[in-house]
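Work through the exercises below with the sequence and the coordinates side by side, attempting each task before reading its solution.

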Protein chains: 2
Amino acid sequence: MTDAGIEAAAVIVLQNGVDLDNKKRYTEALVCYREGLQLLFNLMKGVTDSEKKKYLRTKVEAYMGRAEKIKGLIEEQKTMGKYHEQILIENDSTGHSYKNLFGRFLDDEVTSVEVEDPYVRSFHQCQNFLRFCELVVKSCCNLNKIRLLTSRDGSVKDQTQWLETMKQNLQRYRIDLMIEFSSTLHDRQIKLSNGWTIKIGRGLDYFKAPESKFSLGFFDMDLRRCHETTVDVYHIKDVKKSYG
Amino acid sequence: MTDAGIEAAAVIVLQNGVDLDNKKRYTEALVCYREGLQLLFNLMKGVTDSEKKKYLRTKVEAYMGRAEKIKGLIEEQKTMGKYHEQILIENDSTGHSYKNLFGRFLDDEVTSVEVEDPYVRSFHQCQNFLRFCELVVKSCCNLNKIRLLTSRDGSVKDQTQWLETMKQNLQRYRIDLMIEFSSTLHDRQIKLSNGWTIKIGRGLDYFKAPESKFSLGFFDMDLRRCHETTVDVYHIKDVKKSYG
């Protein structure tokens with residue numbers, strides 16, 4: 001990328017950070033500030049003009065200061081058990097893969113994950129859950145347990161077999177998949193053992209179907225259109241570190 | 001992530017960078033150095049102990065210096081038209097999605113992409129090409145042309161229809177997909193208009209089949225096992241900026 005290109009990208013990413021910051025979507029803002037700072041940082045290395053260098057250094061310091069402040073705010077609200085962030089996914093919008101939506105909460109402190117979602121039943125819903133498992137396996141190197149609480153559908157005869165295949169597969173990664181069924185379940189939430197809880201109004205099934213098996217977005221969910229849904233992210237103070 | 005966790009991650013990433021650097025796999029080493037530096041950078045912000053801070057600053061400066069040197073080396077060899085990097089993908093190894101393999105060469109300078117691969121014919125091969133298209137669409141914001149040169153297989157009756165669907169789909173992103181067929185094609189290469197050429201011995205089809213539709217790695221190709229193949233990356237001096 002050219003220097004002008006890097007600078008233009010930095011401006012866009014940082015502006016996005018400011019917008020999210022203003023909306024109090026702090027964890028997302030932090031991701032943007034970090035990415036933007038990395039770009040400014042790369043840019044500075046190539047700049048020889050001292051005025052330009054000084055200007056960039058001022059920018060870097062300002063954004064670093066704000067990023068630090070946000071980090072403090074998040075920690076403070078987490079400690080008080082008050083952290084809450086809300087994201088609206090608009091109808092037909094794109095860019096909302098599981099990784100983009102909550103990948104920033106997945107880290108090496110996550111040892112177990114609990115998914116409550118009544119609709120992990122049909123073929124595409126079980127495949128959504130597979131995508132979810134792929135993401136947590138890659139993002140949480142200390143993960144050893146996934147608990148899925150969902151409901152049974154008598155008409156979907158292969159649900160148990162699909163989930164059983166995933167269970168066997170996850171064992172190769174030394175991860176236990178515990179599958180439980182409930183007929184009264186209504187809540188949809190993903191609880192991580194590092195204290196973060198993600199509640200997606202529609203659960204994991206908020207993507208629209210692809211038009212064909214050769215449509216862009218068939219594999220990459222960032223390119224897939226979404227149904228409207230609201231996402232609430234909380235941090236729970238008293239973290240239950242293990243289940244069962 | 002805890003500070004100790006960030007530090008441990010930084011050590012692993014930077015060590016990986018040094019290994020790649022020693023093997024003269026410079027563009028990959030650069031990615032590792034940048035990631036590792038970002039981790040050290042995040043770590044430093046939280047450190048109050050002045051000795052520790054000083055130690056980290058020395059590390060940051062050393063790796064930044066090496067990263068700058070590598071950047072210079074790559075540029076120099078690119079200018080001379082001599083840049084060549086070789087990667088061996090081992091049998092049954094994982095972590096080789098298209099993004100991991102050549103994502104670092106995709107940027108906003110890429111306006112056209114040329115794929116020569118005799119085997120974009122069967123269902124899964126055309127789906128591989130779809131994954132490739134998804135990646136370039138997301139990574140190259142100025143892309144406006146993809147040229148695919150492949151061969152026809154009389155027994156695969158839907159090849160034309162699948163590729164045609166992708167063509168229509170790409171038009172929504174203002175990208176022309178030009179499909180050409182050759183019966184004498186033997187070379188397999190991906191040419192980017194920013195000068196990089198990636199030659200994969202097996203072409204795009206170097207992934208093993210998943211065991212089932214619910215195996216980890218069905219969607220995320222970083223988790224998919226690979227066939228053995230060699231990848232050569234060149235930078236061509238006289239860049240042909242457009243095709244056709």
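**Exercise 1: cysteines**

Decide whether A:Cys133 is buried or exposed, and then establish how many disulfides the whole structure holds.

Solution. At 1% relative accessibility A:Cys133 counts as buried, where buried means under 20% relative accessible area, exposed over 50% and partly exposed in between (1.4 Å probe, protein chains only). The model is a predicted one, in which local features need pLDDT of at least 70 and side-chain atom pairs count only at pLDDT 80 or more, while totals for chains, interfaces and linings use all residues. Side-chain values use heavy atoms, with hydrogens and water left out, residues are numbered from 1 along each chain as its sequence is written, and chains are lettered from A and ligands numbered from 1 in the order in which they are written. A search over all chains finds zero disulfides (pairs of cysteine sulfur atoms within 2.5 Å). For A:Cys133, the nearest cysteine sulfur, that of A:Cys126, is 10 Å away.

**Exercise 2: domains of chain A**

Find which residues form the salt bridge between domain 1 and domain 2 of chain A.

Solution. Begin with the domain assignment, automatic or from a database, which gives domain 1 (3-80) and domain 2 (84-235). Next, count the salt bridges between these domains of chain A, taking a side-chain nitrogen of Lys or Arg within 4 Å of a carboxyl oxygen of Asp or Glu; the count is one. Finally, A:Arg104 forms a salt bridge with A:Glu28, the closest N and O atoms being 3.8 Å apart.
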